[in-house]
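Trainee: I have a new structure to look at, and I would like to learn how to read it. Could you walk me through a few features?

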Amino acid sequence: MKTPGISQSEWFVMECLWDSSPQTASEVGEALRPSQGWAQNAVRTLLTRLVNKGALKVGTNEVGTRVFRPAVSRKVCVKAESDLFAGRIFGGATKPLLMHFA
């Protein structure tokens, strides 16, 4: 499976769901409100984008409310982001990357 490209805002949503899932859109919004201050509509938009990218799966809970859970692991997404960064900044070479951070 191709790893979905996740924006910075989408990453916050994914972190929330990697920490605890499944969650409803309202639960994700409540969890992110203190740190991000996003309106519920913004959270729903991000959830929809992540579902369309294949990063999230949608189901229903016991009362029929839509719930979201990650379709890809955090580890897979971190690796993809790291590879993207190394490729963009260091031409994919790991030695200059490690030297830079050393």
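Mentor: Happily; we will take a helix, a strand pair and a single residue in turn. Keep in mind that this is a predicted model.

Trainee: Which residues of helix H2 are buried?

Mentor: In H2, residues 25-36, the buried ones are Ala25, Val28, Gly29 and Leu32. They lie on the same side of H2, because they cover an arc of only 95° around the axis.

Trainee: What does that buried side pack against?

Mentor: The buried residues of H2 pack against helix H1 (8-19), helix H3 (40-53) and strand E2 (66-70). On the face turned away from the buried side you will find the exposed residues Glu30 and Pro34. Just after H2 comes Gly37, with a positive phi of about 70°.

Trainee: Now the strands. How many bridges join E1 to E2?

Mentor: There are 5, and the two strands run antiparallel, with E1 spanning residues 56-60. For one pairing, look at Val58, whose bridge partner in E2 is Phe68. As a general idea, side chains in a regular strand alternate between the two faces of the sheet. Here, E1 and E2 form a hairpin with 5 residues between the strands, and Gly64 takes a positive phi near 90° in that hairpin.

Trainee: Lastly, why does Ala80 count as partly exposed?

Mentor: Buried means under 20% relative accessible area and exposed means over 50%. Ala80 has 26% relative accessibility, so Ala80 counts as partly exposed. This residue lies in helix H4, residues 74-90. Its C-alpha atom is 8.4 Å from that of Gly5, though the two residues are 75 apart along the chain.

Methods: Residues are numbered from 1 along each chain as its sequence is written. This is a predicted model: local features need pLDDT of at least 70, side-chain atom pairs count only at pLDDT 80 or more; totals for chains, interfaces and linings use all residues. Side-chain values use heavy atoms; hydrogens and water are left out. Helices (H or I, at least four residues) and strands (E, at least two) are DSSP runs, numbered from the N terminus. Buried means under 20% relative accessible area, exposed over 50%, partly exposed in between (1.4 Å probe, protein chains only). The arc is that of the directions from the helix axis to the C-beta atoms. Contact means heavy atoms within 4.5 Å. Two strands pair if DSSP finds at least two bridges between them.
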